[in-house]
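Hi everyone, thanks for making time today. I'd like to walk you through one structure, so please have a look at it on the screen while I talk.

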Amino acid sequence: MKKSNAWMLAILMAGSLTFYGCGGETKTGEVEENAATEMEEAAPAQERASPLRKVEGKVGDNVTLKLQYGAPSVKGRVIWGDLVPYNEVWRTGANEATFVEFDTDIKVEGSTLPAGKYSLFTIPRTSGKWTVIFNSEWDLEHGHFQYKEENDVLRVTSTPSFVDQSQEQLTIAIESPGLVVKWEKLVLPIVIE
């Protein structure tokens with residue numbers, strides 16, 4: 001009788017281990033599948049690190065400008081000379097190239113720019129005037145990484161100023177005297193008429 005009780009106990013234990021072992025695997029698989037589903041559902045709700053901004057406005061009485069740019073934030077970083085190097089082409093925003101569009105010929109810093117859609121680049125300098133570039137290739141997914149100087153339509157210069165109060169997120173506004181780029185302590189007015 002003792003042999004049959006021991007044998008029955010061994011069979012029960014083996015059955016229990018098999019039952020719980022299979023059940024555990026199923027639960028783990030279900031949790032992993034549910035976690036993957038939750039991540040896929042959460043991904044579309046996430047916002048870009050540098051939000052896409054679209055701006056439209058008038059300069060003077062007859063010039064309507066449209067503008068699109070990625071708006072990065074300072075986030076405690078050193079911007080000028082580090083994140084944005086001096087003496088190198090900068091996409092004047094984040095992610096894809098910043099672009100501006102207008103339906104009538106304009107003057108930028110005194111030079112004529114035909115109506116159209118252009119990417120906007122700048123070349124920051126340690127001192128003095130910055131170079132402002134309007135390039136015919138306006139739809140660049142990776143900004144300055146795809147920039148080609150041979151597609152420049154106009155290059156002008158503009159004098160930046162640096163103010164005491166820091167602005168966390170980049171803005172490019174359509175306001176007097178035309179376009180005004182503000183980020184960190186930079187204010188870069190681009191005269192448009």
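Before the details, a word on where the values come from. What you see is a predicted model, where local features need pLDDT of at least 70, side-chain atom pairs count only at pLDDT 80 or more, and totals for chains, interfaces and linings use all residues. Residues are numbered from 1 along each chain as its sequence is written, and side-chain values use heavy atoms, with hydrogens and water left out.

Let's start with the overall layout. The protein chain has 1 helix and 10 strands, and along the sequence they come in the pattern α-β-β-β-β-β-β-β-β-β-β. For those labels, helices (H or I, at least four residues) and strands (E, at least two) are DSSP runs, numbered from the N terminus.

How much of the chain is buried? Of its 193 residues, 33% count as buried. Here buried means under 20% relative accessible area, exposed means over 50%, and partly exposed lies in between, with a 1.4 Å probe and protein chains only. The chain exposes about 11800 Å², and carbon and sulfur atoms supply 52% of that. Those areas come from the Shrake-Rupley method with a 1.4 Å probe, and for residues only the protein chains shown count as cover.

Now for contacts, meaning heavy atoms within 4.5 Å. Among contacts between residues at least 6 apart in sequence, 53% join residues at least 24 apart.

One such stretch of sequence is bridged around Arg53, in strand β1. The C-alpha atoms of Arg53 and Ile172 are separated by 9.0 Å, with their positions 119 residues apart along the chain. Setting aside residues up to four places away in sequence, Arg53 touches Leu67, Gln68, Tyr69, Ala71 and Gln169. With Gln169 there is also a polar contact of 2.9 Å between the side chains. A polar contact is a pair of N or O atoms within 3.5 Å; within protein, one must be able to donate a hydrogen and the other to accept it, and residues adjacent in sequence count only if both atoms are side-chain atoms. Arg53 counts as partly exposed because its relative accessibility is 31%.

Just before that strand, please find Ser50, in the loop between α1 (2-42) and β1 (52-59). Is Ser50 buried or exposed? Its relative accessible area is 12%, so Ser50 is buried. Beyond its neighbours within four places in sequence, Ser50 is in contact with Gly70, Ala71, Pro72, Ala94 and Asn95.

That brings us to Asn95 itself, in the loop between β2 and β3. Asn95 has a phi near 65°, a positive value in a residue other than glycine. Asn95 is partly exposed because its relative accessible area is 34%. Lys75 sits in the loop between β2 (63-70) and β3 (99-102), and its phi, near 50°, is positive in a residue other than glycine. Lys75 counts as exposed because its relative accessibility is 54%.

Next, Asn135, in strand β7 (residues 130-135). Asn135 counts as buried because its relative accessibility is 1%. Its side chain reaches the backbone nitrogen of Glu137 at 2.9 Å. Leaving out neighbours within four places, the contacts of Asn135 include Tyr118, Phe121, Tyr147 and Asp152.

Glu137 is in the loop between β7 and β8 (152-158). Glu137 is partly exposed because its relative accessible area is 39%. Outside four places in sequence, Glu137 is in contact with Ser119 and Asn151. From Glu137 to Asp152, 15 residues apart in sequence, the C-alpha to C-alpha distance is 8.3 Å.

Where is the cis peptide bond I want to show you? The bond from Ser176 to Pro177 is cis, with omega near 15°. Pro177 is in the loop between β9 (161-175) and β10 (178-191).

Last stop, the largest pocket. About 270 Å³ of space lies there, and 17 residues line the pocket, with Leu83, Val84, Trp90, Arg91 and Gly93 nearest its centre. A pocket, on a 1 Å grid over the protein atoms alone, is an open set of points where a 1.4 Å probe fits, with protein on both sides within 12 Å along at least five of seven lines; lining residues have an atom within 4 Å of a point. The lining divides into 9 nonpolar, 4 polar and 4 charged residues.

Thanks for listening!

Note on methods:
Points joined across faces, edges and corners; volume = space filled by probe spheres on them. Nonpolar A, V, L, I, M, F, W, Y, C, P; charged D, E, K, R; others polar.
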